[in-house]
Each structure stands twice: as structure tokens, then as C-alpha cells.
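Let's take a friendly walk through this structure, one part at a time. Keep the sequence and the 3D view at hand as you read.

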Amino acid sequence: MAERALPLPLPVRAAEALPLRARLSFAAGHFQNDACAALWFTYLLLFLHSALGFGHRAAGALLLAGQLADGLCTPLLGYETDRSAGCGRYGRRKSWHLAGTTCVLVSFPFIFNPCLACKENTPQWAAFIYYLPFIIIFQFGWAATQVSHLSLIPELVTSDHEKVELTAFRYAFTVMANITVYGLAWLLLNFQVDQPERIEHLGPQDVPIFRNLSLIVVGLGAVFSLIFHLGTKEKPYPWGSSAQPEESTPLLQKEPSALRPLLLWRDWLWEPAFYQVAVLYMSTRLIVNLSQAYIAMYLTNSLLLPKKYIATIPLVMYVSGFLSSFLMKPVNKWLGRNHSSAFVYGAMSFTDKMANGLAVMAIQNLHPCPSELCCSECASFYHWVMVGVTGGVAVAAIASLCCIMVWPIHVRYHAACLRGLRGAEGCPGAEGADRSTRIN
């Protein structure tokens, strides 16, 4: 009897690459966040000081409140978005993105507008209370949009190459958003048609500029968010099928091997590498954000430049920083790359936001003119902030980097064990259970 031929196995089809249109649609989803962040950090203190006449402590307290709200909302929203099922058939990530976008749209324009119910004799604390809810709603929406947009990357693509490519598209739109904000600010400051005698220095007469800039930014952000929601297709996620790892699931996952990292979130607190990276990341972010927050006031109060330069100089700084990032690729290869986890990212983000808010509040409290917008000591004060404070933080960043290079990052890991009905199999003894590996 002739043998029966067995059917040949069907070839496994590779996952289809994400089309270019879908990649561009996804990258457009964070344009509004990036544009609002540029406007927030660069012009919030200047707007509160020069246009509305806020005191230095009150202005710093509003920025600190925003940073606190952002720092607290980011990990909480990350936890919640991983466990929700979305609105009906709408994806869980896109549902939170839509909620965050809506919060930003309805709150951000009020931050860069005068108090609607305030009068000339309205106390400053009343105006502070008026702006505070809008800032908290904006920061909640910003965090929801950021977390949902980032977490959508591994659901759209699977390979590491595609994830890196999608992140590159996202960064390209970040660059576009920042250039757009500074370009619009330059246009609005240079072409004021409602002032017959244009004043070269900022004041209450420039409130419409910030109002129009915020409205244009929000309008453009709404268009890009609409493109994201129409062009990005999220895979359905049925209720009850939680893909979120439990507490016993390792945060660091590499290729299958006999030894793999098994680090829970609490294990990171005992790792010296955790604090090495935290200080380095916090220092570098402080340099960027403090320079961005005080460059406009340094230009207007210390250098006494015309107000059009508050758009020109930040634009030059951003473009030069973007171009210099390409030169850092060989340096990154030489220094090595670090593995991270969800807890590490959340902790670093929280540290960054808290440090920025507290640093701004400390600087505002040290201002030499507490009772007026600016005095004779303003010039030296903002010069000290831009040179002394950021320079001191840069020294801390260099020292932290030197510590990492002298004492390389090591992460402890445990041997993976296979446990069956008859007990543990393949587990090393207690002496070899804890080992460390250098992260390159």
C-alpha cells in the first residue's frame, strides 16, 4: 500500500509593515502636546509676569502646580490605560487619547487669556484660583495624550526596527511642532496691525499676541489629532483579556535564556544604577527646561532686546539642539545603551517634572524684586539664572556621567527556574542565585 503524502506546512506570513500613511497619521497624534509644551515652558512665566502683572511667587506657584499635576497623573494614567477596555469598539489607547485631547482643547486657551471675571481691583489670589483648575485639567489631558500615544507603538508594530522607525516619525513631528510655535510667535510679534505705534517691549498690550498664539496652536493641534484618529487603526482589545503583566512578571525581558532579569519595581530601589541614571536624567532635563523657561525674560530684562527676539532666539536654540543630536550618535555608541523598564521610565519622568517645578519655584522666590515686575537688579539676576544655575546643574550632570563611566551600571538578576509538580528544576543554588551583569 502506497504511503500517503503528508501536506507540506504552510509558510508563516510575516506581519505586514505599517503603511507610510498610517505611520504619518500616528506621528501626528502628539503634535498638539508638543506645541502646547513649547508654549507652556517658553512663554508661561513671561506671559504671567509681563502681560498680566503676576508676582514672581504666584507665577512660579502656577508652574509648579502644573508640574505636580503632570508628575502625579503620568504614572496613574499609565496604570489605568493598561487596564481599561476603551469606549465600545473604539480602542482603549485612542479612547484615552481622545479624552486627553479634549481636556487640552478646552483648558489650554484659558491659560493664555486674561481672567474673564477679573477686574482691575481683583486680588491676585483670586486670579491664581481662576487659573489653577485650567492648568490641572490641561496637565491631566497632556499626560493622558502622552501615555496613550506612547503605549500605542508596541500595539501597532512588532519588530524593534519598526518601533524605532515609528519613534523617529514621532520625533519629526515634535520638531515640526516646536518650529511652528516659534515661527508663529515671530509672525505675531513682527506684524502687529492693531498698534499704530508699536512698542518694542512686552506689556499688557501684548495679551492678544499670546491669546492668538494659543488659539492657533490649539486649532492646529485639533487638526493633527483628527488626522491621528481617522488614520490610526487600533487593534480591538476585548474586555477581560488583560495583557498587563502581573507583579511577578519581570520588567526586563530579553531573549529566552537560562538566566534572565527578574526585577520587580521594588527591586530597582536597591539598585545603585537606578539613582545614577536618575541624577543624570534629572540634571539634563533641568538644563533644557530652565533654559527654555527663562530665556525669554533674560532677553527682555537682562539684554533689553526687542520683544521679537523671544521667538527668534528660542527657535535658533531649538534648531541647533536638533542638529547637534545627530552628532551624539557616535557618542551614544561609545558610552553604551541602558535597558529600562516601565517603572524606571515612570520614576525618571516623575523626578524630572518635580525637579523642574521645584527649581522654578526656588528661583522665583529668590527674585530680587518681589513687589514689582523688574528693578535695577533684574539684569544680573536673570544672567545668574542662565549662567550660574544651568551651569551648576551641568556640572552635576557631568559628575554623574563620570560616576557612571568609572563605576559602570550593574543590574542584579536571578536565574530563571522551571517548577513542576515535583519541585524546582534547573535552579542554581543559593550561592549563584543572585548575579549581576553590566549593562552596555
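Helices α9 and α12 cross at roughly 165 degrees, and since angles over 145 degrees count as roughly antiparallel, that is how these two helices run relative to each other. In this predicted model, α9 covers residues 272-302 and α12 covers residues 378-406, and their axes come within 9 Å. The crossing of α9 and α12 is left-handed.

To see this pairing at the level of single residues, look for Ile287, which lies in helix α9. Ile287 and Val393 are separated by 106 residues in sequence, yet their C-alpha atoms are 6.5 Å apart in space. Leaving out residues up to four places away in sequence, Ile287 touches Thr390, Val393 and Ala394. Ile287 is partly exposed, with a relative accessible area of 24%.

Move on to the loop between α9 and α10 (309-335), where you will find Leu304. Most residues other than glycine have a negative phi. Leu304 is not a glycine, but its phi is positive, at about 55 degrees. Is this residue, Leu304, buried or exposed? Leu304 is exposed, with a relative accessible area of 59%.

Now step back to the whole protein chain. The chain has twelve helices and five strands. Of its 440 residues, 44% are buried. Among contacts with a separation of 6 or more, 79% are between residues 24 or more positions apart.

Next comes the interior. In soluble globular proteins, nonpolar side chains tend to be buried together. The largest nonpolar core here has 73 residues, and those touching the most other members are Tyr43, Phe108, Ile111, Phe112 and Tyr294. Helix α2 supplies the largest share of this core, with 15 residues. Tyr43 is a good place to zoom in: setting aside residues up to four places away in sequence, it touches Ala38, Phe112, Tyr182, Ala185, Phe210, Leu213, Ile310 and Ala311. Apart from the largest core lies another one of nine residues, including Leu18, Ala22, Val157 and Leu166.

Two of the contacts of Tyr43, Phe210 and Leu213, are also among the buried residues of helix α8. This helix, residues 207-231, has 25 residues and reaches 36 Å from its first C-alpha to its last, close to the 36 Å expected. Other buried residues of α8 include Val217, Val218, Gly221, Phe224 and Phe228. What covers the buried residues of α8? The cover includes α1 (20-27), α2 (31-51), α4 (92-111), α5 (124-151) and α7 (160-190).

Take α1 from that list. Two packed helices are described by the angle between their axes and the distance between the axes. For α1 and α8, the angle is about 135 degrees and the axes are 7 Å apart, which makes α1 oblique to α8. The contact is made by Ala22, Ser25 and Phe26 of α1 together with Ile227, Phe228 and Gly231 of α8. The crossing of α1 and α8 is left-handed.

Our last stop is helix α5, where Thr145 has its place. Thr145 has a relative accessible area of 2%, so it is buried. Not counting residues up to four places away in sequence, Thr145 touches Gly29, His30, Asn33, His97, Gly100 and Thr101.

Conventions. Residues numbered from 1 in each chain as written. Predicted model: local features only at pLDDT ≥ 70, side-chain atom pairs only at ≥ 80, totals over all residues. Heavy atoms only, no water. Helix = DSSP H or I, 4+ residues; strand = E, 2+ residues; numbered from the N terminus. Expected span 1.5 Å × (residues − 1). Buried < 20%, exposed > 50% of the residue type's maximum accessible area, 1.4 Å probe, protein only. Contact = heavy atoms within 4.5 Å. Core = buried A, V, L, I, M, F, W, Y, C linked by side-chain atoms within 4.5 Å. Axes fitted to C-alpha atoms, helices over the stretch in contact; angles between N-to-C directions. Parallel < 35°, antiparallel > 145°, perpendicular 65-115°, else oblique. Left-handed = near helix turned anticlockwise from the far one by under 90°.
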